Structures are given as structure tokens and as C-alpha cells.
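This report describes the surroundings of a ligand and the state of the cysteines.

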Amino acid sequence: MYEAEIFKISVTNAMGCGQQKGYTETYRGADVEVTLLKKIRIEIAVTEEYVKKTTDAIIKGAKSGNIGDGKIFITNIEECIRIRTEETGREAIG
Ligand SMILES: Nc1ncnc2c1ncn2[C@@H]1O[C@H](COP(=O)(O)OP(=O)(O)OP(=O)(O)O)[C@@H](O)[C@H]1O
Ligand SMILES: [Mg+2]
């Protein structure tokens, strides 16, 4: 991400499962279904022209070709306000 000059980022510990629905583990001889796996959630707000650059950088860093590499969801942001300066929109996302 730093290589692609993407510095503004939020990272949260998360639990989740994708299309493999977790996995089965043996604990003291009993099969236990582990449906939620530890994941991290990354949130990055960018202006329109940075979307491709950002998704390319994520794919470059995260793709191993194996299951569980993660997923990118792209959504629109209604508004962004930098509280300190009250700037809005692209200046605030900046
Ligand atoms: N449709 C979805 N809705 C909400 N969260 C999802 C969705 N798909 C994936 N996730 C979240 O993303 C995490 C990583 O997903 P993952 O990479 O396993 O996707 P996948 O669809 O199972 O693809 P793959 O087959 O490559 O593993 C999941 O553990 C879950 O937290
Ligand atoms: Mg998966």
C-alpha cells in the first residue's frame, strides 16, 4: 500500500467466513465446526480516480491464489467531513 502511496487506512480485527463456511477441527477427539475465522477488515476511502490504483495495490499485496485471499467490496460514500477544518468531499478524503 505504501508503494502505491496509499497511506490513509483503517484496520479492524474481524471474524468472518466466506464460501468455505469455515472449517472442521478436531478438539479432544471431537469434530468441532469453526464457522468464524479471524480476519482483518481494511477500510480505505478514496476519490474516484484512486479506486483502480487502490484495488490493484490490495490485489498485488494479498493475492496468493489460495482460498481465503479475501474480497474487496466497493461502495459509494455519501460524504466525508474533516472535523478539524470542516472541509468536505474530496478535500476531506484527500
Ligand atoms: N458475501 C460476503 N458478505 C460479507 N462478507 C463476506 C462475503 N464474502 C466474503 N466475506 C468476508 O470476507 C472474508 C474473506 O472471504 P474469502 O476470501 O474466504 O472469500 P470467498 O468468497 O470464500 O473466496 P475464496 O473461495 O477465494 O476463499 C470472509 O471470511 C468474510 O469475512
Ligand atoms: Mg473463502
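Which polar backbone atom lies 3.5 Å from an oxygen atom of ligand 1? That atom belongs to Gly 16. The model is predicted, so local features need pLDDT of at least 70 and side-chain atom pairs count only at pLDDT 80 or more, while totals for chains, interfaces and linings use all residues. Residues are numbered from 1 along each chain as its sequence is written, chains are lettered from A and ligands numbered from 1 in the order in which they are written, and side-chain values use heavy atoms, without hydrogens and water.

The polar contacts (pairs of N or O atoms within 3.5 Å) of ligand 1 include the following.

| Backbone partner | Distance to an oxygen atom of ligand 1 |
|---|---|
| Gly 16 | 3.5 Å |
| Gln 19 | 2.7 Å |
| Gly 70 | 2.7 Å |

Of the 600 Å² of accessible area (Shrake-Rupley method, 1.4 Å probe) that ligand 1 has on its own, the protein covers 66%. Residues around ligand 1 (a heavy atom within 4 Å) include Cys 17, Lys 39, Asp 69 and Phe 73. This shell divides into three nonpolar, six polar and three charged residues.

The structure holds zero disulfides (pairs of cysteine sulfur atoms within 2.5 Å). Cys 17 is partly exposed at 43% relative accessible area, and Cys 80 is likewise partly exposed at 23%; buried means under 20%, exposed over 50%, and partly exposed in between (1.4 Å probe, protein chains only).

How values were computed:
Polar contact = N/O pair within 3.5 Å; in protein donor to acceptor, adjacent residues only side chain to side chain. Nonpolar A, V, L, I, M, F, W, Y, C, P; charged D, E, K, R; others polar.
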